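Let's take a walk through this one together. Have the sequence and the coordinates open, and we'll go from one end of the chain to the ligands.

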Amino acid sequence: MSYVITSLCAGVRDGACVQVCPVACIHDAGEQFVIDPDECVHCGACAVACPVGAIFFASDLPEAHRDAAEFNRAFFR
Ligand code: SF4
Ligand code: SF4
């Protein structure tokens with residue numbers, strides 16, 4: 001389980017999370033940024049840096065954003 005970027009990122013996409021990620025596992029997926037779940041080391045820095053609170057630990061995803069975990073993972077397949 002890792003941190004996950006939700007669609008709340010779309011429309012903002014400022015890259016603040018990319019700047020603070022120590023393992024460079026956040027990528028631009030077009031409409032939003034996404035996190036590689038196999039590389040994320042769960043530091044939480046991206047969640048703190050995000051200006052719109054778009055990033056959650058997978059088990060803490062709000063009900064409306066549960067599909068975000070699979071969306072992030074699918075980008076890296
Ligand atoms: S939790 Fe840490 S390692 Fe994982 S994506 Fe965010 S900044 Fe990168
Ligand atoms: S910091 Fe938040 S809004 Fe900015 S690119 Fe990352 S997830 Fe998107």
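Is serine 2 buried or exposed? Bear in mind as we go that this is a predicted model. At 4% relative accessibility, serine 2 counts as buried, because the cut-off for that label is under 20%. In the chain, serine 2 sits in the segment before strand 1. Leaving out residues up to four places away in sequence, serine 2 touches Pro37, Cys40, His42, Phe56, Phe57 and Ala58.

Pick up the last name there and follow it. Alanine 58 belongs to the loop that runs between strand 4 (55-57) and helix 3 (68-75). With a relative accessibility of 16%, alanine 58 counts as buried too, because that value also falls under 20%. If you again skip residues up to four places away in sequence, alanine 58 touches Met1, Ser2 and Val4. So much for its surroundings; now jump from alanine 58 to isoleucine 35, which is 23 residues away in sequence and 11 Å away in space, C-alpha to C-alpha.

Isoleucine 35 is a good place to look around. Setting aside neighbours within four places in sequence, isoleucine 35 is in contact with Tyr3, Val4, Ile5, Cys25, Ile26, Cys40, Cys46, Ile55, Asn72 and Phe76.

Now for the nonpolar cores. The largest one has 14 residues, and the members that touch the most others are Tyr3, Ile5, Cys17, Ile26, Ile35, Cys46 and Ile55. Two elements, strand 1 (3-5) and strand 3 (33-35), give two or more residues to this core. A second core, separate from that one, is made of five residues, among them Val4, Ala58, Leu61 and Ala68. Our loop residue, alanine 58, is thus listed in the second core, while isoleucine 35 is listed in the largest one.

That leaves the ligands. Which residues come nearest to ligand 2? There are 13 residues around ligand 2, and Cys9, Asp14, Gly15, Cys17 and Cys50 are the nearest. By class, this shell holds ten nonpolar residues, one polar and two charged. The space that ligand 2 takes up is the largest cavity. Cys17, by the way, is a name you've already met in the largest core.

Ligand 1 takes up the second largest cavity. Its surroundings also come to 13 residues, with Cys21, Cys40, Cys43, Gly44 and Cys46 nearest. Here the shell divides into eleven nonpolar residues, two polar and no charged. Two of those nearest residues bring us back to isoleucine 35, whose contacts include Cys40 and Cys46.

Technical notes: Residues are numbered from 1 along each chain as its sequence is written. Chains are lettered from A and ligands numbered from 1 in the order in which they are written. This is a predicted model: local features need pLDDT of at least 70, side-chain atom pairs count only at pLDDT 80 or more; totals for chains, interfaces and linings use all residues. Side-chain values use heavy atoms; hydrogens and water are left out. A residue is near a molecule or strand if one of its heavy atoms lies within 4 Å of it. On a 1 Å grid over the protein atoms alone, a cavity is a set of points where a 1.4 Å probe fits but cannot get out, and a pocket is an open set with protein on both sides within 12 Å along at least five of seven lines; lining residues have an atom within 4 Å of a point. A molecule sits in a cavity or pocket if more than half of its atoms lie within 2 Å of its grid points. Ala, Val, Leu, Ile, Met, Phe, Trp, Tyr, Cys and Pro count as nonpolar, Asp, Glu, Lys and Arg as charged, and the others, Gly among them, as polar. A nonpolar core is a set of buried Ala, Val, Leu, Ile, Met, Phe, Trp, Tyr and Cys residues joined through side-chain atoms within 4.5 Å. Buried means under 20% relative accessible area, exposed over 50%, partly exposed in between (1.4 Å probe, protein chains only). Helices (H or I, at least four residues) and strands (E, at least two) are DSSP runs, numbered from the N terminus. Contact means heavy atoms within 4.5 Å.
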